[in-house]
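Morning, everyone. Please pull the next model up on your screens, and we'll walk through it together.

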Amino acid sequence: MRSLTLHLKLLIAILVVLGISVTAYQIFVLGIPVTEDATDDLWNIDAKVEFVASAKDPVKIQMFVPPLSRDFVSLNESFISNNYGVAVNRVDGNRKVTWSARRAKGNQTLYYRLVLTKRYSGEKAKIKGPTFRDSMTIEGPEKIAAEALLAPIRQHSADVETFVGEAIKRVNNPNDDNVKLLLAGDPSAAHKAKIVELLLSIAHVPIEKVHTIRLVADQPQMPELWLRSFNGTDWLYFNPETGEQGLPTDRLLWWSGDENLITVDGGKKANVTFSLNNSEMNAIRLAKLTDENTDANFLEYSLYGLPLQTQQTFMIMVMIPIGVLVILILRNLIGIQTLGTFTPVLIALAFRETQLGFGIMLFTIITALGLSLRSYLEHLKLQMLPRLSVVLTFVVVLIAAISLFSHKLGLERGLSVALFPMVILTMTIERLSITWEERGGGHAMKVAIGTLFAASLAHLIMTVPELVYFVFTFPAILLILVGFMLAMGRYRGYRLTELVRFKAFLKKADA
Amino acid sequence: MFGLWKTWKALEARGIMGINRRNADYVLKYNKRSLYPIVDDKIITKERAIAAGIHVPELYGVISTEKEIDNLEEIIGARSDFVIKPAQGAGGDGILVIADRFEGRYRTVSGRIISHEEIEHQVSSILTGLYSLGGHRDRALIEYRVIPDQIFKSISYEGVPDIRIIVLMGYPVMAMLRLPTRQSNGKANLHQGAIGVGVDLATGLTLRGTWLNNIINKHPDTTNAVDGVQLPYWDGFMKLAAGCHELCGLGYIGVDMVLDQEKGPLILELNARPGLNIQIANDCGLTLRTHAVEARLEDLKARGVTETVEERVAFVQEMFGHIPAVEG
């Protein structure tokens, strides 16, 4: 007996240590996130290109697409175009797609779709940029106005960063006569940017126009203009309207330079519309998607390596031990009586499909009706198998009726009853009615309520998303669970209900 | 929470055995799974007992297939009273006790008149496993109806009172008299509402009783006091119970016996998972007594001695018997 206890303790210790160390390895060495909260925004960007092709000429459309050099990683990129040839090439840090067709007619629509997400780690590549440029040549009053503007800018600035900021602020002051002269009645953002460039070129500070798309869902937008300057190590971004420095994190750089977004040969009325939407994705799955771009293949031997469909099944399956654990605790520690050990777990699984509140209602109604039918069949003195068949058929008819009614009433819930809960319902009815016969109605009620309670609790715990994620990602947890179950196997203390059951002893002791 | 902990400690101090302890320390430890069929199947128990010369109610016949139900009439013969039981029934379920015949029909012990067809349906239900542990196919046995000794008349309501003795490795550790009530429908099972009355192991005098987990002194139906009743043939019961260990080989059993007014003490059935309410009936925890017996076994093993039935009974009567009567 003693050696058995030692054996058991050893086994429990091994299981728990194994479980903890595998989990710790996954968390600390492989760096798998502990909670599912670590989700990432996934952006789906569609650029729709519309134009009217002229009938005679070959068509060639060139459009900038994001270079995706630094802060973002592309998960999928597609060019949707029927009869067009597609070519992508890089020019001066920009990427450009060229669609071309020998013959096209009428309205044409092309799509560019990009799925991307923020890159969250990884080394930043060295970047290069110009730090000097020649002055642009200007003459006459413009030259005087520019120099008049530059003098206070020089005074108010300390380095390239403040110099550019100050210059933009000055240019955006509409009351300044020098600015008015330089703008020459064209206060558009593009023109202002040009003036800024002019001013800075005199001071030999290079500046570049960049066009960005804002990562915000379901809002029509056009590329937004920003200015940037290279300070020797990094690009500094400036808002051309306010002079504020720093690119907000939700801006995606689409292209840089003076060129237009799109150029069309052999067509007219070219128009590009952007539409964005985002979705959230589990960090794990994202890691797997970006896996192809990186070297990390730590997910290869986890449950995430399974096909998606199988994964979903396993997500339910790995939670069954948790449900069993709940029943074990309820029965052996608390002392709640349930119908068998696994019926509550099965009912809990059925609740997945029916939802809890509706599931409890459905179970109560169908079980009550089924029991009354069974008690009626009892009078007919039928044998077990035929009786069971009748009850099963009755349950099917009942479920069909409930589904029909709830559908007619517009409650889609009723349709959620699937094959699986039906079998469990029949089983429950049969077992409950046997309990009823053997132990009486009171006891059957007690067992039924105990079962429903245990099933509800098991269901609630089995569907905690954090727990599902945790157990699914770290299945070694189940070893720890087994250790606990083994320990429970030799638990010999009282059950909570026994403290009540044996109360009679204490009453006497007090008296 | 603190109150619960106090209750826990108090129960532990009194040696009250809980289900988990019973299962882990006694049922699993002393009862070999392979021997369960001997106690779970009443037909096998009966055969074993007859072979060992232990008195049991006479077996009239066994029905094991639907076809054999036709033999029912033949088995019953001209007898006017008999009992139909599932061989593997649990908790006294599925038992049909026929007390008399009435105009071609049968009268159950509770006075209900039933037809032959209803009896046949009952047998059929038994065969399909409705009352068996785990719902397996079962056999039905038809046996002698025990007529309880007159001594129980005043403290029993219908049915057959029986005596349950818990036996650990051949040592009876606790005894109780189970009295059917109106609520239990004449059945002697505590969870169905029967009364359990503790019995002094040495003298056979009844102590106070338990009914639905409460302590009582009077029978709820007859209002006669249940304590202070001298059970006849007490030493006979004790020896019968102690001998059941050799009969079945299981170390921790509940032995159910009856006192027939003509045939004396008879063994009804054995139970491999005896209930715990016997503790309330005896106002005493089982663990203290089982520990004492286990200590005795260790001691004997060290000395290389085995005790006979008589020695074992004498030991427990000395050890646990002669409980002073309580006032109130």
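Which residues does B:M257 touch, not counting residues up to four places away in sequence? Keep in mind that this is a predicted model. On that footing, B:M257 touches B:D162 and B:I163. It also touches B:F237, B:L240 and B:A241. Then come B:P265, B:L266, B:I267 and B:L268.

Now widen the view. B:M257 belongs to the largest nonpolar core, which has 69 residues. Together with B:V167, B:A241 and B:I253, B:M257 touches the most other members. Helix α7(B) gives this core its largest share, 9 residues. There is also a second, separate core, of 49 residues. Among its members are A:A53, A:M63, A:V97 and A:V171. As background, nonpolar side chains in soluble globular proteins tend to be buried together.

Hold on to A:M63. It stands opposite A:I262, a residue in β11(A). Strand β2 of chain A, residues 59-65, runs antiparallel to β11(A), and 4 bridges join them. Both belong to an open sheet of 4 strands in chain A, ordered β4-β5-β2-β11. The pairing is antiparallel. Which strands sit at the edges? They are β4 (85-91) and β11 (262-265) of chain A, each pairing on one side only. On average, neighbouring strands here are turned by 15° against each other, direction ignored.

Back to chain B, and helix α4, residues 42-51. Its buried residues are B:K42, B:T45, B:K46, B:R48 and B:A49. Why do they line one face of the helix? Because, looking down the axis of α4(B), they fall within an arc of 165°. And what covers them? The cover includes two helices of chain B, α3 (36-40) and α7 (234-248). It also includes the strands β1 (59-63), β2 (82-86), β6 (140-143) and β13 (264-271) of chain B. So α7(B) turns up twice, in this cover and as the largest contributor to the 69-residue core. Just after α4(B), B:G53 takes a positive phi of about 80°.

Last stop, the contact between chains. How many residues of chain A are in contact with chain B? There are 22, and they meet 25 residues of chain B. On the chain A side, α12 (419-439), α16 (496-501) and α17 (503-510) each supply at least two residues. Helix α17(A) has the largest share, 5 residues. By type, the chain A side divides into 10 nonpolar, 3 polar and 9 charged residues.

That's the tour. Over to you.

Conventions. Residues numbered from 1 in each chain as written. Chains lettered and ligands numbered in written order. Predicted model: local features only at pLDDT ≥ 70, side-chain atom pairs only at ≥ 80, totals over all residues. Buried ≥ 20, exposed ≤ 12 C-beta atoms within 10 Å, placed from the backbone. Arc of directions from axis to C-beta. Contact = placed C-beta atoms within 7 Å. Core = buried A, V, L, I, M, F, W, Y, C linked by C-beta atoms within 7 Å. Pairing = 2+ DSSP bridges. Axes fitted to C-alpha atoms, helices over the stretch in contact; angles between N-to-C directions. Nonpolar A, V, L, I, M, F, W, Y, C, P; charged D, E, K, R; others polar.
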